[in-house]
Each structure stands twice: as C-alpha cells, then as structure tokens.
Amino acid sequence: MSERPLSPLKPALMERVLMRCPGQCAVCRAWSDRQVCTDCLLRYARPVPRCWTCAARLPLERIGRREPKCGACLRTPPPLSRTIAALDYSFPWDGLLQHYKFHQAIELRETLLERLSQALAAALAPDPDWLLAVPLTRQRLRERGYNQSFELARSMARKRRLCCEADMLLRVRESAQQAQLPLNQRAANVKGVFAVDPALAPQLRGCTVVLLDDVMTSGATLFELARVVRQAGASDVQAWVIARTPED
Ligand SMILES: [Zn+2]
Ligand SMILES: [Zn+2]
C-alpha cells in the first residue's frame, strides 16, 4: 500500500470528500470501508494522558499518579468528578466535528461515538443512570433544527440503555459565544444560563449523571451545568466529550 503525503484538508474540501465519496477515508482519502481509516486512527487518535477531572492534556511529570490532575483542577476542583475526552480538538477531528455539527452526518456521528466508546472502555468508565446533553436555547434549536450534542447522547444512551431526556436540562438564556471571550471571562458568561426542568428534576435525585458534549474548550459551560445538576440532587456528575481543545 502506498502512503500518500498528508496535507491538512480545508473544511470545504473535507466536506466534498465526505459528501461524494462514502468509500474513502475522510482524512487521507484512501479507499476504506470506514469513514476514518485504520492508518489515520493510529496516527490521529492515539490516547494521551489527561487530567482526571477536566481532561486537559497532562505534562509528563503528572503521569503515573493515581487520578492525575492538572494544576487548575488541583487549585480549584471542578464540580465534575471525572471528565473523559476521546480526542484532541485538532486536525483532523476539528474539521470532522464541524462537519458533523452543521450537516448532521449520521455515519460521522457513529465514527465519533466509536472513538468515545473506546476511550470509555480504556478508562473503565462506569455507566451512569442518566446521559444528558448540553442544551441549546429554544431559539437556537429552532434555527439549527437539532442539538448535535443531544443526537450524540441519544444514540449512545440507546446502545447503553441509559436514561436520556431532551427536556431535562434547559438553557434559559443565550450567553455570548464562548469562543469569542478570553478564558477568564467564560465562567461568568455562563452563570445562570442553565436550569433543570422543575417537573423532571425529581427524577435526578440520588442518580449518577454524565453530561455529554461534542467539544470541551475551557470547561466553563460543563462546569456550570454540572453545578446546576448537583443542586438538583444528582449524587455524582461526570462529563464525556468527543474532543478537548488542547491548551496553548
Ligand atoms: Zn485515512
Ligand atoms: Zn484538570
């Protein structure tokens, strides 16, 4: 098998590859019966050591400790008892996640969920009672037509027989786009943005909950949502994410 030199695919090009060539690897364009071929998985999906509670990549000296944590989590423990991330939010996964988000490609969803399942198996992560997605506001949901995180959660919950309910968590107001804010302003930006539906909240009491999101950046959104879910009486809150933004 000849190896092609890899050039980073621009999102538009990646889109064309995904749309037209279902028999080709979305990353290197080699013929493959999978959306991302085995060579690319070996190259781009290697597991890396991550912080126990926020899934940030860890420096070498922390590796090998039991429940290793990053400096930020040691200073201020987040309201998540554990976070598991399958991938880095970098090439090629950033392009694939963008494509999934805006085109709702089902095969791609399953490819991304396979990565997450593998990370969960490697981490020996126990299944929670509830698997809940980070919610969108009603208006955003109407505009986009679906919540990409909920679609991921629903598919995974079905396979693992977990409770999953689209209306359990509410985004009561829109926050400024997190991506446009400096990291230190993001926590304040999401304060008071989330709520648990009062009619459904009793179902969470005493239960273990995993929050699912496609991409975790500063963690501010997931931390705020975890606080709200804990206040509703959940006994433990963790997060599973497809990709984690690498620290600079
Ligand atoms: Zn490939
Ligand atoms: Zn951490």
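Is Arg-161 buried or exposed? Keep that in mind as you open this predicted model; the tour comes back to Arg-161 after a few other stops.

**Stop 1: the zinc ion called ligand 1**

Select the zinc ion (ligand 1) and show the side chains of Cys-25, Cys-28, Cys-37 and Cys-40. Their SG atoms are the protein donors, and they lie 2.3 to 2.4 Å from the metal. If you turn on angle labels, expect 106 to 115° among the 4 donor atoms, a tetrahedral site. For reference, ideal angles at a metal with four tetrahedral donors are 109.5 degrees.

Now look at the sequence panel. The donors of this zinc ion (ligand 1) follow the spacing C-x2-C-x8-C-x2-C. Cys-25 sits in the loop between helix 1 (11-20) and helix 2 (38-44), while Cys-40 belongs to helix 2, and the pair links parts of the chain that are 15 residues apart. Switch on a surface and look for these two: Cys-25 has a relative accessible area of 0%, so it is buried. Cys-40 is buried as well, at 2% relative accessibility.

**Stop 2: the zinc ion called ligand 2**

Next, pick the zinc ion (ligand 2), together with Cys-51, Cys-54, Cys-70 and Cys-73. Again the SG atoms coordinate the metal, here at 2.2 to 2.3 Å. The arrangement is tetrahedral because the 4 donor atoms around the zinc ion (ligand 2) subtend angles of 105 to 118°.

In sequence, the donor residues of the zinc ion (ligand 2) are spaced C-x2-C-x15-C-x2-C. Cys-54 and Cys-70 both lie in the loop between helix 2 and helix 3 (71-75), so the pair ties together parts that are 16 residues apart in sequence. Both Cys-54 and Cys-70 are buried.

While you are in the loop between helix 2 and helix 3, select Glu-67. Its phi is near 45°, a positive value in a residue other than glycine. At a relative accessible area of 33%, Glu-67 is partly exposed.

**Stop 3: a cis bond and helix 4**

Move along to Pro-92, in the loop between strand 1 (82-88) and helix 4. Show the backbone here: the peptide bond from Phe-91 to Pro-92 is cis, with omega near -5°. Most residues other than glycine have a negative phi, and most peptide bonds are trans.

Now colour helix 4 by accessibility. Its buried residues are Trp-93, Gly-95, Leu-96, Leu-97, His-99 and Tyr-100. Just after helix 4 comes Gln-104, with a positive phi of about 55°.

**Stop 4: the largest pocket**

Where should you centre the view for the largest pocket? Select Lys-101, Gln-177, Gln-178, Asp-213 and Val-215, which lie nearest its centre among the 32 lining residues. The elements that give two or more residues to this lining are helix 4 (93-103), helix 6 (138-144), helix 7 (148-160), strand 5 (208-216) and helix 9 (220-231). Strand 5 gives the most, with 4 residues.

The largest pocket holds about 770 Å³ of space. Colour its lining by class and you will find 11 nonpolar, 13 polar and 8 charged residues.

**Stop 5: back to Arg-161**

Go to the loop between helix 7 and strand 3 (169-171), the place of Arg-161. Here is the reply to the opening question: Arg-161 counts as exposed because its relative accessibility is 77%. Check its backbone too, since phi of Arg-161 is near 55°, a positive value in a residue other than glycine.

**Stop 6: two distances to Leu-212**

Finish with two C-alpha to C-alpha distances that share an end at Leu-212. Start at Ala-195, which is found in strand 4 (residues 194-196). Ala-195 and Leu-212 are 17 residues apart in sequence and 16 Å apart in space. Ala-195 counts as partly exposed, at 23% relative accessibility. Show what surrounds it: leaving aside neighbours within four places in sequence, Ala-195 is in contact with Met-168, Leu-169, Leu-170, Val-172 and Val-228.

Then select Gln-118, in helix 5 (residues 106-122). Gln-118 and Leu-212 are 94 residues apart in sequence and 15 Å apart in space, C-alpha to C-alpha. With a relative accessibility of 49%, Gln-118 counts as partly exposed.

How values were computed:
Residues numbered from 1 in each chain as written. Chains lettered and ligands numbered in written order. Predicted model: local features only at pLDDT ≥ 70, side-chain atom pairs only at ≥ 80, totals over all residues. Heavy atoms only, no water. 1 Å grid on protein atoms, 1.4 Å probe; cavity = no way out; pocket = protein on both sides within 12 Å on 5 of 7 lines; lining within 4 Å. Points joined across faces, edges and corners; volume = space filled by probe spheres on them. Nonpolar A, V, L, I, M, F, W, Y, C, P; charged D, E, K, R; others polar. Donors = N, O, S within 2.8 Å, 3.2 Å for Na, K, Ca; no water. Tetrahedral: all angles 85-135°; square planar, octahedral: opposite > 155°, others 65-115°. Buried < 20%, exposed > 50% of the residue type's maximum accessible area, 1.4 Å probe, protein only. Contact = heavy atoms within 4.5 Å.
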